[in-house]
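Biologist: Before I accept the labels on this model, I would like to hear the reasoning behind them. Please take the terms one at a time.

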Amino acid sequence: MDAQHEESTNLAPCVIGVDFGTLSGRALVVRVSDGAELGVAEHPYRHAVLDRELPDGTPLPPDWALQVPSDYLDVLRRAVPEALTRAGVRPEQVVGIGTDFTACTVLPVLADGTPLCELPEYTARPHAYVKLWRHHAAQDQADRITALALERQEPWLTRYGGKVSSEWEFAKVLQVLEEDPDVYRRAERWVEAADWIVWRLCGTYVRNASSAGYKGQLQDGAYPSRDYLAALHPDFADFAADKPDQPLATLGAAAGGLTAEAAAWTGLPEGVTVCVGNIDAHVTVPAATAVDPGQMVAIMGTSTCHLMSSDQLGSVPGMCGVVDGGILPGLWGYEAGQSGVGDIFAWFVRTGFPASYAQDASALGRDPHEHLTALAAAQNVGEHGLMALDWHSGNRSVLVDHDLSGVLVGLTLSTRPEDIYRALLEATAFGTRTIIDAFEESGVPVRELIIAGGLTKNALLMQIYADITRRPLGVIGSAQGAALGAAMHAAVAAGAHADIRAAAHAMGRVRRSVHLPDSERSAAYERLYAEYRLLHDYFGRGGSEAMHRLRRIRVQAATRPRPA
């Protein structure tokens, strides 16, 4: 590229997408005209995930997952200026900034947006902190929310596959009310982090329609009724009206202009268009150009979200919600998911990778995942004799039960680490197959499967998914799908593209049919899938309550003093 052409390219209008993930935030600078990714920067959260203790050492019970909101602002201060520098883009070229966030990640704040955990009197109060999406300590509340809705035949429950998750807003906030009512009363707003970061950027609090519908149980313009909430807890009656209710904004709309404070953080000009917030997985769908009915996108990282828009309204068992226009305007947006995928592989490498394997991997120039993958790839289907259930973080879909736990069947004294690793890879693929089957059996056809997220780099994993689902896999053409999707929505908010479909066709990218199923391996996996479903239904649908009993024993034991 000659210097004159490079200069003209770098003067083109650009947008920035900021993807707030579980452990870090990424900023991506994108050219509006064609979606070219010009520069990216990542900043890890200083406090990561608080799952054992607060910053002051206050211990946390099992199944908690909290975050510190100031870590999110550090991403704006560090990653955005760095991405601009790497892109060689001038701040005045940026016409819009868009953000996406994990969900349901919620925090209690004052009326001006100040997080309660930043008040001196609440720094040692766990319920004053951000509750991360994978905070699973509200399962009891979720079960009661579901049971009461079933008893009252609440019509909104069918839009969530018949069960409410402990990951969602109402369960998490009800836990706060019951365990620390002072924090509940002090909070003047309960805010999705996706909306809080936009609030900090532009000074305006608007609630994005996606989070409200999928995580806040807003259906057909209404939250669950006051009578229903009062039946859960008398002091919960006015929650929907008092704490989360706020004017709704459609996806891709402008929330406001960048404030002087946020301009100083980011290095961008004051007044730049700030897009309404969105969910990380949801923005990835148009980035993969999946804008037609029946195109399912599986965003695979620490967990997996399965997103699909359809012209068919159905009740899919265990889905995380169906919302009118929740992903794309004019279509029903479906969400399902698996609570643990990459997290499971990372857990095994962290706890089950022997020193001898580490030495071999180092000699071959491989990291632990690469080494185990290479060894596992040499096996035939079924050779390891194992079957796993991928419930190490509970089951999001289709059972919606985060008190379930992982299972590994078939261990012998000759079982090797690569055997277990492959069984875990396969278990997550069986979990995705179970979700796809649930859609198909509910009259909501899945016509195409596209994979996004960091796990697309593992060719063995992708082939296993193709073989087990018996479908060709497309792969998103960006390593930063969520940040790209957030940037695309910013382009729409700034008026650079007419709507998100137009932005997808101009800026999105996908490679279709990258991984094709092998008929012989698929047939072998059918036998194993039958065994997976037997274990799935036995442990997940009432055949045995062992997992729930063990969970209760664990929680009780954790509250007792440890031996000296």
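Modeller: The model is predicted, and strand S14 is where I would begin. Thr304, His306, Met308 and Ser310 point one way from S14, while Cys305, Leu307 and Ser309 point the other way.

Biologist: What makes S14 largely enclosed by the rest of the structure?

Modeller: A residue is called buried under 20% relative accessible area. In S14, 7 of the 7 residues are buried, so the strand is largely enclosed. The residues pointing either way from S14 are all buried.

Biologist: How do you know that S14 and S16 pair?

Modeller: Pairing needs at least two bridges between the strands. Strand S14 (residues 304-310) and strand S16 (residues 332-338) are joined by 7 bridges, so they pair, and they run antiparallel. Cys305 stands opposite Gly337 in S16, and Ser310 has Trp332 as its bridge partner there.

Biologist: What joins S13 to S14, and in which sense do the two pair?

Modeller: A hairpin joins them through 3 residues. The pairing of S13 and S14 is antiparallel, over 5 bridges, and Met296 stands opposite Met308 in S14.

Biologist: Which strands are called the edge strands, and why?

Modeller: The sheet is open and has 7 strands in the order S15-S16-S14-S13-S19-S20-S21, with mixed pairing. Strand S15 (321-324) and strand S21 (510-515) are its edge strands: each pairs on one side only. From one strand to the next, the twist averages 25 degrees.

Biologist: Which helices lie on the strands around S14?

Modeller: Helix H11 (residues 280-287) lies across strand S13 (295-300), S14, S16, strand S19 (448-452) and strand S20 (473-476), at about 55 degrees to S14. Helix H15 (residues 417-441) packs on the sheet and touches S13, S14, S16 and S19. The direction of H15 makes about 150 degrees with that of S16.

Biologist: Why is H11 called mostly covered?

Modeller: Of its 8 residues, 8 are buried. Among them are Asp280, His282 and Thr284, along with Val283 and Val285. After H11 comes Thr289, with a positive phi near 55 degrees.

Biologist: Why is Ala48 called partly exposed?

Modeller: Its relative accessible area is 28%. Partly exposed covers the values between the 20% limit for buried and the 50% limit for exposed, so Ala48 belongs there. Ala48 sits in the loop between strand S3 (37-44) and strand S4 (66-67), and its phi is positive, near 50 degrees.

Biologist: How do you know that Arg470 is partly exposed?

Modeller: By the limits of 20% and 50%: Arg470 has a relative accessible area of 42%, so it counts as partly exposed. Arg470 lies in the loop between helix H16 (459-469) and S20, with a positive phi near 60 degrees.

Biologist: Which residues lie nearest the centre of the second largest pocket?

Modeller: Asp51, Arg52, Asp63, His392 and Arg554 lie nearest its centre, among 32 lining residues. The lining divides into 13 nonpolar, 8 polar and 11 charged residues. H20 gives the most to that lining, with 6 residues. The space in the second largest pocket is about 1200 Å³.

Biologist: Where are the cis peptide bonds at Cys104 and Val398?

Modeller: The bond from Ala103 to Cys104 is cis, with omega near 5 degrees, and Cys104 is in the loop between strand S5 (94-101) and strand S6 (106-109). The bond from Ser397 to Val398 is cis, with omega near 15 degrees; Val398 is in the loop between strand S17 (387-389) and strand S18 (407-409).

Notes. Residues numbered from 1 in each chain as written. Predicted model: local features only at pLDDT ≥ 70, side-chain atom pairs only at ≥ 80, totals over all residues. Heavy atoms only, no water. Helix = DSSP H or I, 4+ residues; strand = E, 2+ residues; numbered from the N terminus. Axes fitted to C-alpha atoms, helices over the stretch in contact; angles between N-to-C directions. Contact = heavy atoms within 4.5 Å. Buried < 20%, exposed > 50% of the residue type's maximum accessible area, 1.4 Å probe, protein only. 1 Å grid on protein atoms, 1.4 Å probe; cavity = no way out; pocket = protein on both sides within 12 Å on 5 of 7 lines; lining within 4 Å. Points joined across faces, edges and corners; volume = space filled by probe spheres on them. Nonpolar A, V, L, I, M, F, W, Y, C, P; charged D, E, K, R; others polar.
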